[in-house]
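Here are my notes on this one, written as numbered points so you can follow along with the viewer open. Take them one at a time and find each piece for yourself before moving on.

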Amino acid sequence: MDVYEAVTSRHAVRSFTDRPVPAATLHRVLSAAASAPSGSNIQPWNIYVVTGTPLAELKKRAVERVTEGLPWDEREYAMYPATMPSPYRDRRAEFGRERYRALGVERADWDARQRAAIENWNCFGAPAALFCYLDRRLGRAQWADAGMYLQTVMLLLRAEGLHSCPQMAWSQVRATVADIVLPPEELILFCGMSIGYEDVTNTLPHTGRAPLAETVTFIDG
């Protein structure tokens, strides 16, 4: 698989099979992903990979917590700004409409929307999960470095025939994740990532992207 195919075939998968992901494959992907760029090569990411019994326990605890209506953990960072201007607000709204339309969920059906959301904490059925932590003493540029690292991981997973779904939603139950992975106090959970083989019998439409002219300006001679 060449780079272009890896990029264009990558999408956030929300339905995985239970086929195990070989440990050797995860080691190979994460070893190569270490080549991702970071300012002054500080490599700010701290990664925890969870599979098997520990992941099953984490899923169980997280899903139970959400279904019981327990409060979210206090946010350590804002997932989105309180006021989001256009066109970003419009793109986000369109994504939500497409997703719930594909699931056959009406906007007013809160219970169905909640059931769909809960699948986040079941990793959409994936047998492996990655959790990305950052040192809370670092700054915005290091968060950008983590984004480049995570994209590198996702593209390498595609090269291995695997798919993924990055999930900031895990930050809402960060204490539950911490009970399993036991991170040092100085680390903050940025996101999780479900990893596995896509269930091609239960796929959703891929979200489109803005036209190039909306996001890129060419300045030439």
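1. Start with what helix 6 leans on. Its buried residues pack against helix 1 (3-9), helix 2 (23-33), strand 1 (46-51), strand 2, strand 3 and strand 4. Keep in mind while you look that this is a predicted model.

2. Which residues of helix 6 are buried? Click through Q142, D145, A146, Y149, L150, V153, M154, L155, L157 and R158. Notice that the list has D145 and R158 in it alongside residues such as L150 and V153.

3. Now check the length of that helix. Helix 6 covers residues 140-159, which is 20 residues, and at 1.5 Å a residue it should span 28 Å. The C-alpha atoms at its ends are 29 Å apart, so the expected span and the model agree. After helix 6 comes G161, and its phi is positive, near 80°.

4. Next, the sheet. It's an open one with four strands in the order 1-2-4-3, and the pairing is antiparallel. Strand 1 and strand 3 are the edge strands, each pairing on one side only. From one strand to the next, the twist averages 25°. As background, strands of a sheet pair through backbone hydrogen bonds, either parallel or antiparallel.

5. Zoom in on strand 4 and its two partners. With strand 2 it pairs in the antiparallel sense over eight bridges, and with strand 3 it does so over five bridges. You can pick out individual positions too: F131 stands opposite G192 of strand 4, while H163 has G196 of strand 4 as its bridge partner. Is strand 4 mostly covered or uncovered? Mostly covered: ten of its ten residues are buried.

6. How do the helices sit on the sheet? Helix 3 lies across strand 1 and strand 2, and runs at about 95° to strand 1. Helix 6 packs on the sheet as well, touching strand 1, strand 2, strand 3 and strand 4, and its direction makes about 15° with that of strand 4.

7. Then there are the rings. The count comes to seven aromatic pairs. One of them is Y77 with F190: the ring centres are 6.0 Å apart and the planes are at 55°, so this pair is tilted. It links distant parts of the chain, with Y77 in the loop between helix 3 (52-67) and helix 4 (88-103) and F190 in strand 4 (residues 187-196), 113 residues apart. Both Y77 and F190 are buried. W143 joins in too, as Y77, W143 and F190 form one aromatic cluster.

8. Another pair worth a look is F131 and W170. This one is edge-to-face, at 5.2 Å centre to centre and 90° between the planes. F131 is in strand 2 (residues 128-135) and W170 is in the loop between strand 3 (163-167) and helix 7 (174-181), so the pair links distant parts of the chain, 39 residues apart. Why does F131 count as buried? Because its relative accessibility is 0%; for W170 the value is 1%, so W170 counts as buried as well.

9. Last, two arginines on rings. The charged end of R19 sits over the ring of Y197, 3.8 Å from its centre. R92 lies over the face of Y80, at 3.9 Å from the ring centre.

Conventions:
Residues numbered from 1 in each chain as written. Predicted model: local features only at pLDDT ≥ 70, side-chain atom pairs only at ≥ 80, totals over all residues. Heavy atoms only, no water. Phe/Tyr/Trp six-rings, centres within 6.5 Å; stacked < 30°, edge-to-face > 60°. Helix = DSSP H or I, 4+ residues; strand = E, 2+ residues; numbered from the N terminus. Buried < 20%, exposed > 50% of the residue type's maximum accessible area, 1.4 Å probe, protein only. Lys NZ or Arg CZ within 6 Å of the ring centre and 35° of its normal. Expected span 1.5 Å × (residues − 1). Contact = heavy atoms within 4.5 Å. Pairing = 2+ DSSP bridges. Axes fitted to C-alpha atoms, helices over the stretch in contact; angles between N-to-C directions.
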